[in-house]
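Here is a friendly tour of a two-chain model, written for someone who likes to check geometry by eye. Please keep the viewer open as you read.

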Amino acid sequence: MSKDTGPAPVTHVDLTASFEESGVRDVLRELDEALIGLAPVKSRIRETAALLLVDKARQQMGLATGTPTLHMSFTGNPGTGKTTVALKMADLLHRLGYVRKGHLVTVTRDDLVGQYIGHTAPKTKEVLKKAMGGVLFLDEAYYLYRPENERDYGQEAIEILLQVMENNRDDLVVILAGYPDRMDRFFASNPGFRSRIAHHIEFPDYSDAELLQISETMLAQQSYALDPQARAAMAEYITTRRAQPHFANARSVRNALDRARLRQANRLFNEAKGPIDAATLSTITEADIRASRVFRGGLDVERGPQRTAAA
Amino acid sequence: MKLRQGQFSFLPDLTDDDIRVQAQYAIDNGWAVSVEYTDDPHPRNTYWEMWGHPMFDNRDAAAVVFEVNECRKEHGGKYIRVIAFDASPGWESMRMGFIVNRPAQEPGFRLVRQEGAGRVVRYTIESYAAREPEGARYA
């Protein structure tokens with residue numbers, strides 16, 4: 001990017017105007033509407049957007065510093081919306097002009113690390129090239145680093161990743177994501193990463209009320225609705241499910257709803273005597289939710305010898 | 001003698017930014033961009049050595065510049081070009097090709113005359129560089 005080719009030097013910058021022009025407002029509004037809860041995440045993103053916008057204005061006035069470091073880390077429990085926010089982040093960075101294309105490439109350890117000596121470097125570079133001009137989203141980043149195996153090829157991928165994060169800062173933004181405790185350990189053993197990542201964003205767990213709201217939004221998107229008793233059952237389901245192992249916030253809710261839809265379809269099929277209307281087709285009732293094994297003690301009970309019908 | 005082959009060869013050498021813009025044009029047209037190198041500058045030498053695979057899935061030309069620079073590290077003393085292949089029906093051929101790296105010394109070509117039957121003379125050209133074995137042609 002050559003800065004000296006511009007026309008007359010700018011002396012005033014209208015931040016409101018550039019806020020409107022860049023379409024950042026739209027992204028932020030979408031973020032607010034599409035995502036329930038996550039208040040700390042939203043405020044961090046708004047702060048980041050403001051910072052980038054001001055940086056851009058400073059650049060226009062010749063107060064420029066280099067490209068700011070945009071690499072980020074998203075930490076949070078499963079199902080707290082890390083991937084969804086990463087998509088929005090890519091869009092945001094694209095509209096602000098910090099990445100040229102704004103696509104999101106999602107990878108895990110398997111996509112970066114090879115199986116034999118000499119296999120890792122080309123594989124990692126291939127992925128990095130695909131992500132150039134966009135955002136590389138590295139899910140469960142800590143799997144790259146396996147301290148128990150000193151010949152693990154993950155280390156090679158880390159080195160290449162660090163090198164590109166430093167040298168090609170204009171070309172791509174890397175977002176590392178994972179569960180909080182393991183991410184902390186990963187950063188502690190790889191100080192190179194911590195220092196190259198400017199924005200650490202933590203995703204809190206959803207409250208029960210937020211999860212209920214999320215479940216209704218999810219259903220509404222597929223033109224389904226809960227009747228009042230089913231709503232109460234769903235609230236109870238969420239509280240019960242949270243106490244059971246492998247709870248994954250919004251993802252657990254989505255899976256529960258998928259199974260409820262399955263049961264609803266089955267029920268309609270068995271009960272139907274004549275023509276049914278659209279309202280019946282799109283209503284999830286209490287029975288559809290109450291049939292879940294979560295109300296009968298969860299997964300472990302189901303694995304017993306006398307296995308009943310699938311829940 | 002500066003080798004004049006492909007696009008832009010009568011212009012000053014392309015900068016990395018020029019390469020990026022040209023490669024982006026190719027990508028935006030849906031052509032697969034790849035990097036090739038050779039140490040045989042003969043104009044009829046069509047098939048150069050491939051530097052990695054053609055970049056089918058890359059949406060941004062920064063990757064092309066990255067590969068060109070990687071190739072320069074290894075083959076900086078040879079010719080390197082960027083080509084764009086169009087796979088759409090009716091084309092299935094190269095749309096673009098331009099040299100992005102050349103040796104420091106380009107000795108040029110000599111004219112070879114071969115006398116045939118009946119005082120026929122056949123002419124051909126041969127690169128001075130190609131007299132050396134492969135790998136030893138340029139410093």
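Is F8(B) buried, partly exposed or exposed? With 16 other C-beta atoms within 10 Å, F8(B) is partly exposed. Please bear in mind throughout that this is a predicted model.

**Two positive phi values in chain B**

F8(B) is a good place to begin because of its backbone: its phi is near 60°, a positive value in a residue other than glycine. Most residues other than glycine have a negative phi. F8(B) sits in the segment before helix 1 (16–28) of chain B.

R119(B) also has a positive phi near 60° and is not a glycine. Its place is the loop between strand 5 and strand 6 of chain B. R119(B) is exposed, with 6 other C-beta atoms within 10 Å.

**The hairpin of chain B**

That loop belongs to a hairpin: strand 5 and strand 6 of chain B are joined with five residues between them, and G118(B) in the turn has a positive phi of about 65°. Strand 5 (residues 109–115) of chain B pairs with strand 6 (residues 121–127) of chain B in the antiparallel sense, over seven bridges. To find the register, look for R110(B), which stands opposite E126(B) in strand 6 of chain B. Strand 5 of chain B is hardly covered, as the count of buried residues among its seven residues is zero.

**The open sheets**

Each chain also has an open sheet to explore. In chain B, four strands follow the order 2-1-3-4 with antiparallel pairing. The edges are strand 2 (49–55) and strand 4 (93–101) of chain B, each of which pairs on one side only. From one strand to the next, the twist averages 20°. Within this sheet, strand 3 (residues 79–86) of chain B runs antiparallel to strand 4 of chain B, and seven bridges join them. Here V82(B) stands opposite F98(B) in strand 4 of chain B.

In chain A, five strands form an open sheet with parallel pairing, in the order 2-3-4-1-5. Strand 2 (104–107) and strand 5 (199–203) of chain A are the edge strands, each pairing on one side only. Neighbouring strands of this sheet are turned by 20° against each other on average, direction ignored. Strand 1 (residues 72–76) of chain A pairs with strand 5 of chain A in the parallel sense over five bridges. In strand 5 of chain A, H199(A) stands opposite M72(A).

The strand pairs described so far are set side by side here.

| Strand pair | Sense | Bridges |
|---|---|---|
| Strands 1 and 5 of chain A | parallel | five bridges |
| Strands 3 and 4 of chain B | antiparallel | seven bridges |
| Strands 5 and 6 of chain B | antiparallel | seven bridges |

Helices lie across these sheets. Helix 8 (residues 180–189) of chain A lies across strand 1, strand 4 (173–178) and strand 5 of chain A, and it runs at about 140° to strand 1 of chain A. Helix 1 of chain B lies across strand 1 (32–38), strand 3 and strand 4 of chain B, running at about 170° to strand 4 of chain B.

**Chain A as a whole, and helix 11**

Chain A contains 15 helices and seven strands. Its C-alpha atoms fill a box of roughly 75 × 55 × 30 Å along the principal axes. Of the 311 residues in chain A, 32% are buried. Among contacts in chain A with a separation of 6 or more, 79% come from residues 24 or more positions apart.

Helix 11 (residues 228–243) of chain A has 16 residues and reaches 24 Å from its first C-alpha to its last, close to the 22 Å expected at 1.5 Å a residue. Which residues of helix 11 of chain A are buried? They are A230(A), A233(A), M234(A), Y237(A), I238(A) and R241(A). These residues cover an arc of only 145° around the axis, so they are on the same side of helix 11 of chain A. The face turned away from that buried side carries the exposed residues P228(A), T239(A) and A243(A). The buried residues of helix 11 pack against helix 10 (208–221), strand 6 (225–226), helix 12 (249–271), strand 7 (283–284) and helix 14 (286–290) of chain A.

**Where the chains meet**

How many residues of chain A are in contact with chain B? There are 10, and they are in contact with eight residues of chain B. The side of chain A that touches chain B divides into one nonpolar, four polar and five charged residues.

Definitions and conventions:
Residues numbered from 1 in each chain as written. Chains lettered and ligands numbered in written order. Predicted model: local features only at pLDDT ≥ 70, side-chain atom pairs only at ≥ 80, totals over all residues. Contact = placed C-beta atoms within 7 Å. Nonpolar A, V, L, I, M, F, W, Y, C, P; charged D, E, K, R; others polar. Helix = DSSP H or I, 4+ residues; strand = E, 2+ residues; numbered from the N terminus. Expected span 1.5 Å × (residues − 1). Buried ≥ 20, exposed ≤ 12 C-beta atoms within 10 Å, placed from the backbone. Arc of directions from axis to C-beta. Pairing = 2+ DSSP bridges. Axes fitted to C-alpha atoms, helices over the stretch in contact; angles between N-to-C directions.
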